[in-house]
Amino acid sequence: MTQHKICMLGGTGFVGHSLATRLVALGHRVRVITRRRERKKHDLLVLPTLELIEGDVYNPAVLRQQLEGMDTAINLVGILNERGRRGKGFERAHVELPRKIVNACREVGVARLLHMSALHASMDAPSYYLRTKARGEEVVHSVENDEFSVTSFRPSVIFGPHDSFINRFAALLRITPLAFPLACPESRFQPVYVQDVVEAFVRSLDDHHTFGQRYDLCGPRVYSLRELVSYVAEVMGVRRKIIGLNAGLSKLQAAVLEFLPGKPFSLDNYRSLQLDSVCDKGFPPIFAIEPSTLESIVPTYLVRRPLRSDRYSSMRQLARRE
Ligand SMILES: NC(=O)c1ccc[n+]([C@@H]2O[C@H](COP(=O)([O-])OP(=O)(O)OC[C@H]3O[C@@H](n4cnc5c(N)ncnc54)[C@H](OP(=O)(O)O)[C@@H]3O)[C@@H](O)[C@H]2O)c1
């Protein structure tokens with residue numbers, strides 16, 4: 001296998017950490033650019049062939065400097081919520097940044113980009129999140145040529161240790177006594193395991209058949225949100241009555257919660273949930289991966305913990321202070 005020199009953006013996050021760990025284990029050299037090195041260094045610096053660089057990824061000169069001498073770029077930057085409410089933050093992270101990345105790649109001769117998008121990203125999707133993800137995808141694929149090839153990945157919700165989906169519901173269940181009001185309870189998901197996503201990235205690195213392609217990534221089973229939250233409660237060993245909210249109350253909950261620190265739920269999230277996050281087909285056969293089930297993985301990281309002592313920790317987690 002070719003040993004690559006890879007520059008990752010968004011490499012300090014949930015998916016990035018798993019992907020960087022796997023790439024290093026395979027002998028690749030990995031450079032991760034982060035906005036805050038001090039905060040992220042403990043997790044990643046133990047990896048022997050990884051360097052963690054602090055820099056402003058929106059600065060073209062920084063991008064050129066860090067991409068120089070690399071053969072591959074991986075863009076994992078993404079946000080579920082923005083500071084404001086008009087889509088500017090989404091536009092910056094999901095459209096402007098990919099544009100700057102491909103420009104820098106082409107200027108310094110990086111030939112390959114693996115790009116993270118999202119399932120059902122499309123120009124006419126109901127949320128800023130999905131619309132800007134679609135535009136970012138278009139931006140990176142529109143500049144492909146013989147010297148620059150792109151592969152995009154479009155996963156449903158991703159689960160695994162330190163995910164924000166299963167762990168967020170676990171934290172919410174811990175701080176909510178008796179009854180749990182759940183927005184959009186019938187929205188459907190097909191959660192995919194982070195290591196399966198990572199393996200798809202890894203296997204596409206050198207496989208020319210994946211060049212120029214966009215892959216939807218889903219796990220083996222479809223669940224409603226209500227089923228997922230019930231399952232999380234069951235694994236945690238807590239009893240909660242899950243009260244499904246109708247459309248009006250779901251929207252109201254989003255409108256209120258988007259004013260809390262860390263925006264645990266927002267109107268843009270609510271709009272994304274109007275589309276079922278499920279795939280038309282199974283895991284792309286080209287990767288030869290049999291995707292893992294939720295039930296085989298979640299109990300390995302979602303532990304039963306005493307509720308009372310955990311409540312403040314859960315609140316800090318929800319406010320993204322942990
Ligand atoms: N997790 C899922 O269920 C899921 C599902 C579908 C698609 N995705 C996509 O997969 C990618 C990775 O997801 P993840 O769960 O690993 O995300 P994550 O844990 O939140 O990590 C995102 C990374 O992006 C960087 N970042 C965040 N906001 C940024 C901003 N405004 N400007 C520049 N950099 C920023 C952060 O790096 P620094 O703070 O170190 O700079 C962080 O390491 C994202 O593009 C996401 O949209 C995720």
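Reader: Which residue just after α3 takes a positive phi, and of about how many degrees?

Author: In this predicted model, the residue is G69, which comes just after α3 and has a positive phi of about 85 degrees.

Reader: Which residues of helix α3 are called buried, and what makes them so?

Author: Within helix α3, residues 60-67, the buried residues are L63, Q66 and L67. The word buried is used for a residue with 20 or more other C-beta atoms within 10 Å of its own, and L63, Q66 and L67 are counted as buried on that basis.

Reader: How do you know that the buried residues of α3 line one face of the helix?

Author: When α3 is viewed down its axis, its buried residues fall within an arc of 95 degrees, and therefore they line one face of the helix. In general, an α-helix has 3.6 residues a turn, so residues three or four places apart point the same way. As for their partners, the buried residues of α3 pack against β1 (5-9), β2 (29-34), β3 (50-54), β4 (72-75) and α4 (88-108).

Reader: What makes the span of helix α8 close to the expected one?

Author: Helix α8, residues 225-236, has 12 residues, and at 1.5 Å a residue a span of 16 Å is expected. From its first C-alpha to its last, α8 reaches 17 Å, which is close to that expected value.

Reader: Which residues of α8 are buried, and why are they said to line one face?

Author: The buried residues of α8 are L225, L228, V229, V232 and M236. Looking down the axis of α8, one finds its buried residues within an arc of 95 degrees, so they line one face of the helix. Among the elements that cover these buried residues are α6 (166-175), β8 (179-182), β9 (188-189), β12 (223-224) and β13 (241-244). α8 is followed by G237, whose phi is positive, near 75 degrees.

Reader: Why is Q253 called partly exposed?

Author: Q253 has 18 C-beta neighbours inside 10 Å, and since a residue needs 20 or more to be buried and 12 or fewer to be exposed, Q253 falls in between and counts as partly exposed. Q253 lies in helix α9, residues 247-257, and, leaving aside its neighbours within four places in sequence, Q253 is in contact with P181, A183, L245 and F265. One of these, A183, is 70 residues from Q253 in sequence, yet their C-alpha atoms are 7.2 Å apart in space.

Reader: Why is P299 also called partly exposed?

Author: P299, which is found in helix α11, residues 294-301, has 14 other C-beta atoms within 10 Å, and because that count lies between 12 and 20, P299 is partly exposed. The C-alpha atoms of P299 and V77, which are 222 residues apart along the chain, are separated by 28 Å.

Reader: What surrounds the ligand?

Author: The ligand is surrounded by 23 residues, and the closest are G10, T12, G13, T34 and G78. Helix α1, residues 14-25, gives the largest share of this shell, three residues. By kind, the shell divides into 13 nonpolar, seven polar and three charged residues.

Reader: What makes the chain as compact as a globular protein of its length?

Author: The chain has 12 helices and 13 strands. Its radius of gyration is 20 Å, close to the 20 Å that the globule rule gives for 322 residues, so the chain is as compact as a globular protein of that length. Of the 322 residues, 43% count as buried.

Notes:
Residues are numbered from 1 along each chain as its sequence is written. This is a predicted model: local features need pLDDT of at least 70, side-chain atom pairs count only at pLDDT 80 or more; totals for chains, interfaces and linings use all residues. Helices (H or I, at least four residues) and strands (E, at least two) are DSSP runs, numbered from the N terminus. The expected span of a helix is 1.5 Å times one less than its number of residues. The arc is that of the directions from the helix axis to the C-beta atoms. Two residues are in contact if their C-beta atoms, placed from the backbone, lie within 7 Å. A residue is near a molecule or strand if its C-beta atom, placed from the backbone, lies within 6 Å of it. Ala, Val, Leu, Ile, Met, Phe, Trp, Tyr, Cys and Pro count as nonpolar, Asp, Glu, Lys and Arg as charged, and the others, Gly among them, as polar. The radius of gyration is taken over C-alpha atoms; the globule rule is 2.2 Å times the number of residues to the power 0.38.
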